[in-house]
Structure formats: structure tokens, C-alpha cells
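Biologist: Please take a close look at one contact between two chains and at some unusual backbone spots in one of the partners, and walk me through them in one connected account.

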Amino acid sequence: MELLIAIMVGVLVAASVYLMLARNVLRFLFGLILISNAANLLIFVSGRLTAEAPPLIPEGADAPLELVANALPQALVLTAIVIGFGLFAFALMLVYRGYQSLGTLMSDEMRLAEPKEDGQ
Amino acid sequence: MMNSIILNAATRLLVALLLMFSVYMLLRGHNLPGGGFIGGLIGSTGFVLYAIAQGAPATRRALRAEPQSLAMVGLGIALFAGVFAVFFDDAFFTGQWLFIGATEDDKGLPISTVLVFDIGVYLVVFGSILTLVLALEEEV
Amino acid sequence: MSWLLAAPIIIPFATAVLAFLFRNGPEGRWISIIGAAGLLIASGILMAEVLAEGVVAAQMGQWGAPFGITLVADLLSAVMVVITGITGLAVAIYALADIEERLEKLGYHALFQVLLAGVCGAFLTGDLFNLYVWFEVMLIASFGLLVLGGRRDQLDGGIKYVTLNLVSTILFLSGIGLLYGMTGTLNMADLHGAVQEVENQGLLVVVAVMFMIAFGVKAAVFPLFFWLPASYHTPSVAVSAIFAGLLTKVGVYALIRMFTLVFTTDIAFTHTILLWVAGFTMVTGVLGAAAMNDFRRILSFHIVSQIGYMILGLALYTPLAIVGAVFYLVHHIIVKANLFLVAGVARRIAGSTDLSAIGGLYKTAPWLAFLFLIPAFSLAGFPPLSGFWAKYVLVKAAIDAEAYVIAGTALVVGLLTIYSMTKIWGAAFWKPHPGGLQPKLSSLAPRDRAALLVPIASLAALTCIIGLFPEPFVQFAERAADQLLDPSAYVAAVLGADEVGLTGLAALEVTE
């Protein structure tokens, strides 16, 4: 199972790097969303996978009675998803606004903040 | 904004349902899957639907308060839940519990700062999603 | 203890909420100033406590380390929080005259305070994942501040800033995942011991390099700095100043923290990379600055160049070099924020930051010229200003470590820094204004003049004080460096004295 997910992370990263090499900012952003999911899976798998063992403590006990899933990576992934959600919503909005006022999505045509100097 | 009678009629029902469901998710969150984040997402879905059916200005009127302010108030509530522990000489963000009507073998109705924190999270998520969506809706 | 450590985070957050609710009136900006002053006071008390007690640590929500979130302050964290308070207050006052009402209504003050909270949180946290969260708080506030107002060049710079910083965020997150997989802990103090027990030390170095790249993007080191000169000159001056002073330094702080506390298992490899990075960062930054023709863009490239010096201190990894890095960090935040504030005043009275479109400031605004010279000379390393001592300590450390090439590089870069400062001086202050304008400070309304000049003068005074009486500051930096190089006090403060030696998975097994 770990191997399978590790391969999946690899495929996701490869796909997203391909997307992120594009000049189109929107493609770059899609790549970023994909790679952030790869990172989340990576955290998840590095906490070791245990099938069908929710980390719940039965009533009356102070500690889980048998081997349960590691709850910490799940909490971390959840936090990372929430943060990523906010950041990407913002980035998407920014790219959209940028497209409206700059009229382009190509990163090498965005030279407003760094104008070409004469003689270059 | 879409001009569709079916969507318009359905939205009226769905908004109320989604909002109620979001509160249910918020309250259930302490022991079961759910909580402030999910609740806020579901609640904002209701108003997003409303914005699609009726347009952004009508949604702002229906909301009454600005979504940014809701998010900020939520942040304040969450912060308050963390700071509340100062009155009990505990560390920052230590959960404080009150068991209303507790007896020997029944915990009664547990009210905690954890719940207050979750309500804050609910408002932050609700407010910030609606801020973004309404801004986008008004741009298009 | 817990509240002392949490206050620098709680105060800006509470201020942000209040300032946002009152954003439509003049109350908002005064709340922001009061909040910033409160932050400075809280950081001062924390500093006093750390000076008296040594490293202080507290567990949030009473979840014991290494499982809960730890807040911890050693001397480096404490001094960074104090500097955050100082620059925060200076910029909050400056914003009285600099930020238009339109931006205030959009929530400028709230975003500014959230930024301060994020910065303080990053300095104070003792948990790697929590550091990630604070980085994001800081990042999202900085995104908002950068594009606030939505001018076209702001959006242009903002897109580059946002996309490149998000890449670094994801690398950071992946690094956290892998490190957790190897050690089973994310508490930094706990990691200090846990990394020694990792079986495959080679993998650990790979993760170390991932962190190096992630923090390197935030700190704007070569070859990862391109987002900085693309965006820092576009927002309002107050925003540029706080970015220039604080944001990249959080990256530098994280590098220093991780590469003195955790990733010290293969110093010969990791710190050699850092040494090369430091050299190239210094040189490319200063050459970039020499090619620029805009007040703020020159200064932006100088940030990059100066970051190289701090990384140099970390890379040499001798006690004296770390002293230099800490001293440089503190000096640079004050000086750099101040230079951006001066650039803002120059733009206000002369009409632009483009060096070919302004001039004559020396003749008509000599006080501004004087206030520019102090931080400019300090940045270039003239005695007796603060930058001289910072550079002196670093170059001495490099020579002691027999790294003559890098010492020479540092000196040459210092010379080139003077070159580009004289370029600003010649174009903005000496040559007559091309439009025949006579830029005068008296053209500003008295209230604006006070709000703009008081922060600049105070920061300049601070630069002079550090420069004229460097002894206590160097001694302080020495103590901070001692703590960094021997983290046993840090580890003991976080984990409790008895549990030292039981780290990571071993500690897990015991508690189970």
C-alpha cells in the first residue's frame, strides 16, 4: 500500500512539474494544486498506513487498546488542505484579476513591474 | 447570475436546508466527523447558490453583514476562546468545560471553549469564502 | 510563562479584529498604532524574561511536548520579536500619512497586524508544522497587502510573488512529511536528538536540502530570489518597508534555526552549499542593484545582497560567524526598513522613485538627505555605524576560518554597495530636479510630516546607537550564538530536563 501511494506521489509530482514548466500562469497554478495534493499524500503515507483502524479510544479507556492509525499525519494533512484551499482560492482570484487588467496569462509578457530597459 | 425559474424556486428551499445542515455539522463536530470548517463550507455553499440564482447584490442584502466583517468577527471569537483560559490560570488555548445539569452518571450538556472556537472557525470560513465568491461574481 | 510567550501573537490578532471592524473611520489607524505599541511592550517584557531566565518555553493548551504545540523563546527568538515590535510600530506610525483612506477601507491595518502576528508566531514556535502554519498566516497577509488597491503593476508583481512563494510552501510541506516519516516527531527540540538516530543519514541530508530550498525561497537567496525584485517596489511604501525589513528575515531565521538545531549531522556538506549560496547571493544582489535605476528597485536588490551576509555567518558555522549573523540580522532589519521609508518620503516630495525623474533633494531637503545618509552608510558598512560592526565581525570570522575568498567577496560587495548608494545619492539628492521642481519637506502638511519623519529619525537614531555603543549588542549576540551552537538549554526548556536523551520514537514508546 505504501509503495502504491509512493508511486502515485511520484506520478503526481511529475505531472505537476510538467504543468508548472508552462508559460501560462493558469497551467502553472493547476500544477501547483496538483503538487500540493502530492505533498499531502506524502505526509499521509509517511505516518505509516494502517487499514481500517480509526484512532478512537473506547469509552472508559485512556489509550487505544489495539494498533490504530496514526492520527497526527491526518491532522496535519487536514490543516494543510485547509490552508492550501485558502491560498489557491486567493491565487486563482489573483490570476483572474491579473488576466483582466493585464490582458495576458503568459508569464513572459508580464513585464509591467519590471519594464524592459532601453538597449536590451 | 443565472435566470432560471427552477433554480430560483429550488434555491429558496435549499439555502434554508443547507444553513440548517451546516449548523448541525458544526455542533456534531466535537465527537464525530464535522466541525467548524466543514460547517462553514456547507453554510457558504448555501449563499453561493443564492448568489448564482439571484446575483451578488441580492446576496449581500440577504447576508445583511459584510462577509469580510463576519470572517473577522469569527477570528475574534476564535481568539477569545483561546484567551478565555486566562481566567482559570491555564495555558493559552486550554479547553474550558462547563457541564450543565451534570449528575453522577450523566455528563449533562457539555459547553466548552472548544465549541466557541469552532463557531469562530465556522464564521471565518463562511465569511472568507463568501468574500472571494462575491468578489468574483461581481467581476464577471 | 505561557501568556508571556503567547502575547506577541494574541495582541496583533486582537488588534487586527478591532482595526478591521473600525476600518471606515479614523479609529482603525489609531487602534493599529496602539496594537503595535502593545506588541513592542509585550516583546520587551518577554526579552527581559529571557535575559533573566534563559530559554523559556510553554505548551499551548497544556498538551505536553513533543506532542502539543510548543512556544519557545531563546535570545534569538526574543530579539527578533523585539525588532518586529520596533519596525511594526515605526511602520504603523508612518502609515498614518502614507496609506490612503481607500486602502484603509479595504482593511490595510487588519492585514498589517495579521502579518505581524504571523511573523511573531514564526519566531516563537518550537514546532515545525506550526512554523509552516505561521508562514502561511504571514504569506496570506502579505499577498493581501501586496495587491491591495489592485494597480496593474501590483498585480503583475503579485502574481510572481504568489506563485513562487507557493512553490516554496509545498517544498516545505513535503520536507515536513519526509522528516516526520523518518523521525516520528516534528518538535524542533525533539528533532535535535531524533535526527541522530535516523538510520539512513543520506536521506536526512536530502531532506535538509529540501528545507534549504524552501527557506531559501523565503529568504530570497541565489538562485531563488527572483520574486523579490519583481514585487517589492510595487505596493505602498509602508508595505514595502515592512516586507523589506521582516519577511525575508523570517526565512533567514528559519534557516538559522533549522541548520543549527536540527540539520547539523553533515555540516561539511550542507554548510558548504550554504557558503556557495552566500557568496553568489551577495554578488548577484549587488550587481543587480548596480543595474537598476529606481530608488526602491535598487534597495530591493540590496536586500538580496545583504541576505548573503547573514547566510555567510550561518555557513561558516563558527561561534564568531554566528555572532555576526545574529548581529547582521538585527542591524539589517532596522536599516533596510528605514531606507524604504526614506524612499517613500522622497517620492512624496519629489514625485517619483525613478532616479532619472527626481533630484535636488540635498539642496532643498537637507534633513532628508541626512536621514538617508545614516542608514545608507550603515548598509554599506561605514564606521562607526551599525553595519560596520556587523560586516567587521563577519569578515573577521571568515578570515579566522581561513575562507579568504569569501572574506574578499564580502569586502568587494561592500564596496559595490557604496557604489549603488552613491548612485542614489548622486541622482536623487545632488543633481537638480529634471522638472525644475524644488522638493521641500515643508510642502507636506505638518501632521503628515511628523508621521513620516518621526519613524525614520527614530530608526536612524537606533542605527547610530548600535554603531556608537556596539559592546552590549555584540555581547548579546555572543550569548545568542552560544545558545544556538549549544542547544542543550533549548532542548531542556522544551522537553523538560529529565527527558533529555529520550527523543522521537523512543519517547513515544516510553509514553505508550
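Modeller: What follows starts at the interface and then moves to the backbone of one chain.

The model is predicted, and local features need pLDDT of at least 70, side-chain atom pairs count only at pLDDT 80 or more, while totals for chains, interfaces and linings use all residues. Residues are numbered from 1 along each chain as its sequence is written, chains are lettered from A and ligands numbered from 1 in the order in which they are written, and side-chain values use heavy atoms, with hydrogens and water left out.

Where chain B meets chain C, 17 residues of chain B and 16 residues of chain C take part in the contact, which means heavy atoms within 4.5 Å. Together the two chains bury about 1,400 Å², 76% of it on carbon and sulfur atoms; buried area is the accessible area (1.4 Å probe) that two parts lose on being put together, summed over both. On the side of chain B, the residues that lose the most area to chain C are B:M72, B:L79 and B:F92, which together account for 44% of what that side buries.

As for charged pairs, the rule finds 1 salt bridge across this interface, a salt bridge being a side-chain nitrogen of Lys or Arg within 4 Å of a carboxyl oxygen of Asp or Glu. C:R23 forms a salt bridge with B:E66, and their closest N and O atoms are 2.9 Å apart. The residues of chain B that touch chain C divide into 10 nonpolar, 5 polar and 2 charged, where Ala, Val, Leu, Ile, Met, Phe, Trp, Tyr, Cys and Pro count as nonpolar, Asp, Glu, Lys and Arg as charged, and the others, Gly among them, as polar.

Turning to the backbone of chain C, the peptide bond from C:F222 to C:P223 is cis, with omega near -5 degrees, and C:P223 sits in the loop between α9 (201–219) and α10 (227–231); helices (H or I, at least four residues) and strands (E, at least two) are DSSP runs, numbered from the N terminus. The peptide bond from C:P383 to C:P384 is also cis, with omega near 5 degrees, and C:P384 belongs to the loop between α16 (366–380) and α17 (386–400).

Positive phi values in residues other than glycine are found at C:Y317, near 55 degrees, and at C:E402, near 60 degrees. C:Y317 lies in the loop between α13 (295–316) and α14 (319–350) and counts as buried at 18% relative accessibility, whereas C:E402, in the loop between α17 and α18 (404–430), is exposed with a relative accessible area of 59%; buried means under 20% relative accessible area, exposed over 50%, and partly exposed in between (1.4 Å probe, protein chains only).
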